[in-house]
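I opened a new page for this structure. My plan is to look up a few features one by one and write down what I find.

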Amino acid sequence: MPYPISLTFFERVSTATLRAASLAVRGHHSVGRCRALLQIVAAISCLFLFGATDLALAKSGDPVPIVWPQPTYPSMGDNFGCALTFTSTPVRVYCWGSNDSGQLGNSSRRYSMGTSYGVLVQTASGPLTKVRQVAAGYRHACAAIDDGTVWCWGSGALGQLGSSVSGSSVALQVPGISTAVGISSSAQSSFTCAILRDGSVKCWGANDSGQLGNGTRATAQATPVTVSLPSNVESLALGQAFACATYGEFGHDSTACWGNNAIGQLGNGTYDLSTTPVDVLSLGNRTSFSSLTAGAFHACVLSYNPDPSDEEPFCWGDNSAGQLGFPSIVGNANYPVLVQNTALSGNLKDVNNLYAGGRYTCAEIFPSAGGAEGTCWGDNSHGQLGDGTTTAETHPTSTRLSTYLSTVGGAQTCGDIGSGLSCWGRNSQGQLGDGTTSDRIALGARVLIDDDIFGTGMDE
């Protein structure tokens, strides 16, 4: 079965190339299949010949030269964000925004009140290195390392650090996990989950609604526990007090959720809390799922069967701001509904990835003409939809974002603009990482890290 175990290798290949190629190979663009495969081969060849930095610098289509370090593969927490950099081997993590709980992980030597640009995450003995993935949560963050271990920092009051430590401004290793291949948290989550090499899942942190998925319910659980799922999980998505996973014989045959269900966020047709996973209601004859994502109280997934080119996005749960993309539903839906297109004349098509924020959702679209676009819907009080307004939308906006989307947070969205990572939306704590604390309602400045400002190695 496919696991996300190859992340360490492929994170060193051009983001844009792999995203475009993955969609083309799956069948969306039949003419581009051979071209996409050639792009992958070329990218991997460049990796071995020149290394990760030279490959990213040579990424085709960049409108301006990349300024290094180049943050990529970001994750947005509640009022902060983190991203990986490939300036050199090994890979490191930079974080920016609020630091009231030590969630920037920089040992509080500087920026104890937070910063509007990225600072290097530290351990007790130096920078956290060899990182394959970072996941930012509510006032805490965790990282999966190449050796299979997981390290966390920030608030630990509810067991978010995977130990009895109440908080840490440097990364601490989570005891008992040595085979992690992927991790998940979200801006609203005071818990974290990890997929292990055997396909099982362990979670730790807040458990007041049974969101750890092991059949128990308690205020907190500092020791990682195993979720009651088959050992063939491919992806995870965490909301405020619930979680979802895709699993099955091929890793993506079913979607299940567990935890709080007061607004129908488990998608199983009820409003009953569940401390163990329950399957999301059937999506007709669709039995394959990808791009699972969760907001504060809603979740979405791409579903197809049998043709991958027939993928369509489904969402369920809270719809108070129109985040389900189905305008005729007021309030919420405890069952999956199809996201409508901009003209409300059918379903949203050509979707490659979905990203759910606090009370909004975004889709990365690969139109048949080529390229990549982003479209968002739902809450827009801080401009997080990126359409130049602060007006909420109940269906995908007609204003398309010329970017490969990367991540969303509580009320902030990020995308790859070629010259670097750009974020927009709420910025009261500097969580957009652009050196300011002003909200942005459209794509704009590049995310900065302290090397951009003070010079390479300043925070080591």
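**Entry 1: a covered strand**

I started with strand β21, residues 312-318. I found it mostly covered, with seven of its seven residues buried. I should keep in mind that this is a predicted model.

Next I asked which way β20 and β21 run. They run antiparallel, and six bridges join them. Strand β20 covers residues 298-304. I picked out one facing pair here: leucine 302 stands opposite proline 313 in β21.

Then I turned to β22, residues 332-338. Four bridges join β21 to β22, and these two run antiparallel. Here I noted glycine 317, which stands opposite alanine 333 in β22.

**Entry 2: aromatic rings**

How many aromatic pairs does a search of the whole structure find? I got one. The pair is phenylalanine 366 with tyrosine 404, and their ring centres are 5.9 Å apart. I then checked the planes. They stand at 85°, so I wrote the pair down as edge-to-face. The cut-off for that label is over 60 degrees.

Where do the two residues lie? Phenylalanine 366 is in the loop between β24 (360-365) and β25 (373-378). Tyrosine 404 is in strand β26, residues 404-408. The two are 38 residues apart in sequence, so the pair ties together separate parts of the chain.

Buried or exposed? I looked up phenylalanine 366 and read 2% relative accessibility, which counts as buried. Tyrosine 404 has a relative accessible area of 18% and is buried too. The cut-off for buried is under 20%.

**Entry 3: disulfides**

I reminded myself of the chemistry. A disulfide is a covalent bond between the sulfur atoms of two cysteines. Searching the whole structure gave me seven disulfides. I followed up some of them.

I took cysteine 142 and cysteine 152. Their sulfur atoms are 2.0 Å apart, and they form a disulfide. Cysteine 142 lies in strand β8 (residues 140-145) and cysteine 152 in strand β9 (residues 150-155). They are 10 residues apart in sequence, so the pair ties those parts together. The torsion about the S-S bond is about 105°, so I noted this disulfide as right-handed. I read a relative accessible area of 0% for cysteine 142, which is buried. Cysteine 152 counts as buried, at 0% relative accessibility.

I moved on to cysteine 193 and cysteine 203. A disulfide joins them, with S to S at 2.0 Å. The torsion about their S-S bond is about 105°, so this link is right-handed. Cysteine 193 sits in strand β12 (residues 191-196) and cysteine 203 in strand β13 (residues 201-207). They are 10 residues apart, and the pair links distant parts of the chain. Both cysteine 193 and cysteine 203 are buried.

Then came cysteine 414 and cysteine 423, joined by a disulfide with S to S at 2.0 Å. This link is right-handed, with 100° about the S-S bond. Cysteine 414 has a relative accessible area of 0% and is buried. Cysteine 423, at 1% relative accessibility, counts as buried.

**Entry 4: a four-stranded sheet**

I went back to β12 and β13 to see what surrounds them. They belong to an open sheet of four strands, in the order β11-β12-β13-β14. The pairing is antiparallel.

Which strands stand at the edges? They are β11 (180-184) and β14 (218-226). Each has a single partner strand, so one side of each is left without a neighbour in the sheet. I also looked up the turn between neighbouring strands. On average it is 15°, direction ignored.

Inside the sheet, five bridges join β12 to β13. I noted one facing pair: alanine 194 stands opposite lysine 202 in β13.

**Entry 5: a serine in a loop**

My last stop was serine 209, in the loop between β13 and β14. Its relative accessibility is 4%, and it counts as buried.

What does serine 209 touch, leaving aside its neighbours within four places in sequence? I listed Arg217, Ala241, Gly259, Asn260, Leu273 and Ser274 as its contacts. I checked alanine 241 further. It is 32 residues from serine 209 along the chain, and their C-alpha atoms are separated by 6.2 Å.

Technical notes
Residues numbered from 1 in each chain as written. Predicted model: local features only at pLDDT ≥ 70, side-chain atom pairs only at ≥ 80, totals over all residues. Heavy atoms only, no water. Phe/Tyr/Trp six-rings, centres within 6.5 Å; stacked < 30°, edge-to-face > 60°. Buried < 20%, exposed > 50% of the residue type's maximum accessible area, 1.4 Å probe, protein only. Pairing = 2+ DSSP bridges. Disulfide = S-S within 2.5 Å. Axes fitted to C-alpha atoms, helices over the stretch in contact; angles between N-to-C directions. Contact = heavy atoms within 4.5 Å.
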